[in-house]
Amino acid sequence: MSELEKKSFNVREIREEFPALRQQIYGKNLIYFDNGATSQKPQMVLNAINLFYSKENANIHRGVHYMSQKATTEYEAARQRIQHYIGARKSEEIIFTKGTTDSINLVAFSFGQLLSSGDEILISAMEHHSNIVPWQMLCERQGCILKVAPINQRGELIMEEFERLLSPKTKLVSITHISNTLGTVNPVKEIIQKAHAVGAKVLIDGAQSIQHMHINVKELDCDFYVFSSHKVFGPTGIGVLYGKEDLLDRMPPYQGGGDMISRVTFERTTYNELPFKFEAGTPHIAGGICLGKAFEFLESIDMEAAERHERELANYAEGMLDTFEGLQIIGEAKNKTSVVSFSVKGIHPFDIGTLLDKQGIAVRTGHHCTQPLMDFYGIPGTVRASFAFYNTKEEIDTFVQAVERSLSMLR
Ligand SMILES: *Cc1c(COP(=O)(O)O)cnc(C)c1O
């Protein structure tokens with residue numbers, strides 16, 4: 001499949017593929033620890049963006065001319081590459097969307113049309129706003145009921161409570177695979193089995209998992225899996241909704257327009273088959289093709305080694321930060337990865353983030369689109385360092401020293 005052979009995991013070599021990492025910010029070598037918000041892009045993705053708009057730009061699925069057919073072939077090849085990477089049965093099960101948020105809204109609207117008053121949607125207390133608000137809107141529209149499974153202080157889902165909230169009334173469980181704020185890895189396989197046992201479908205928010213671990217939707221047996229291209233080394237403005245074919249077949253279209261139809265008359269319109277039924281209008285063609293490139297890049301990475309490396313980074317950083325007076329790590333799940341969130345008594349996260357920025361270090365501060373989770377911990381926000389496989393232990397050393405320096409300046 002891949003042009004690149006799978007290589008043994010080597011951070012130095014991987015970093016060479018990412019030109020953004022070679023910059024200086026305020027005269028300091030950039031340390032990019034905001035991968036939870038978006039990841040940097042490898043050279044082959046950058047080249048593909050340039051190539052597409054320089055030479056291959058054409059609309060797809062409708063042209064008879066050479067360029068249109070070439071663009072169509074590449075766009076559909078990207079879909080197939082993603083299908084194979086995540087282990088979907090058919091390429092029809094891969095719907096291109098604008099990203100995670102768009103994918104969840106599609107499901108909330110379209111799968112939501114199949115629900116009725118009193119049906120329940122179950123989420124968790126650690127969800128991103130984009131996995132909360134679309135369900136609240138569905139409940140408003142259709143009288144469904146939103147239930148929220150609680151977490152413990154370590155930031156782990158309380159499985160007994162989750163099971164207690166599951167019932168034959170539960171039509172959908174929608175849950176994040178990995179928390180963007182805490183780094184908690186949820187036991188999604190077990191969650192899926194338990195949900196299926198009561199007849200509920202399951203949507204996995206994979207916005208934080210596909211870039212960190214090997215994903216196989218067939219093994220997981222999830223009904224939907226969603227993610228954003230920009231967090232998995234591809235361009236912004238595109239993402240994926242994986243759905244099981246029989247389910248997608250039963251769901252009505254989300255948006256109407258070109259490409260999603262089979263035949264239009266003013267009296268009656270019939271819809272196109274999957275995946276086009278859910279892809280109204282001219283899509284983000286370059287985005288789809290370049291997301292395919294990002295997956296080609298991922299195929300060259302030993303993801304198990306990458307995951308081990310990222311966990312080592314997080315453990316290493318936490319071990320040192322934990323010794324700082326007044327500093328509290330937020331999110332101490334037994335199974336966690338690649339995210340270190342913390343708050344410091346008496347100091348606003350924003351002030352720490354600003355001082356780190358001046359030292360060339362990019363972190364995120366604030367509520368990370370998880371306000372209910374911040375309310376649970378009773379804090380306004382955290383400082384979050386989130387790692388990708390291209391980050392290094394040396395960067396962590398510099399980061400920890402910079403945090404120490406920042407705290408002494410703010411005290
Ligand atoms: C980033 C993120 C989202 C939203 O992704 P968008 O790319 O902004 O649509 C949803 N869930 C989680 C867990 C995220 O990290």
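**A guided reading of the fold and its ligand**

Guide: The protein has 14 helices and 17 strands, both being DSSP runs numbered from the N terminus (helices: H or I, at least four residues; strands: E, at least two). This is a predicted model, in which local features need pLDDT of at least 70, side-chain atom pairs count only at pLDDT 80 or more, and totals for chains, interfaces and linings use all residues. Residues are numbered from 1 along each chain as its sequence is written, and side-chain values use heavy atoms, with hydrogens and water left out.

Visitor: Why is the protein called as compact as a globular protein of that length?

Guide: The globule rule is 2.2 Å times the number of residues to the power 0.38, and the radius of gyration is taken over C-alpha atoms. For 411 residues the rule gives 22 Å and the radius of gyration is 22 Å, so the protein is as compact as a globular protein of that length.

Visitor: Which residues surround the ligand?

Guide: Among them are Thr101, Asp205, Ser228 and His230; a residue counts as near if one of its heavy atoms lies within 4 Å of the molecule.

Visitor: What makes the approach of Asp205 to a nitrogen atom of the ligand a polar contact?

Guide: A polar contact with the ligand is a pair of N or O atoms within 3.5 Å. A polar side-chain atom of Asp205 lies 2.6 Å from that nitrogen, so the pair qualifies. Ser228 likewise places a polar side-chain atom 2.6 Å from a ligand oxygen.

Terms used: Polar contact = N/O pair within 3.5 Å; in protein donor to acceptor, adjacent residues only side chain to side chain.
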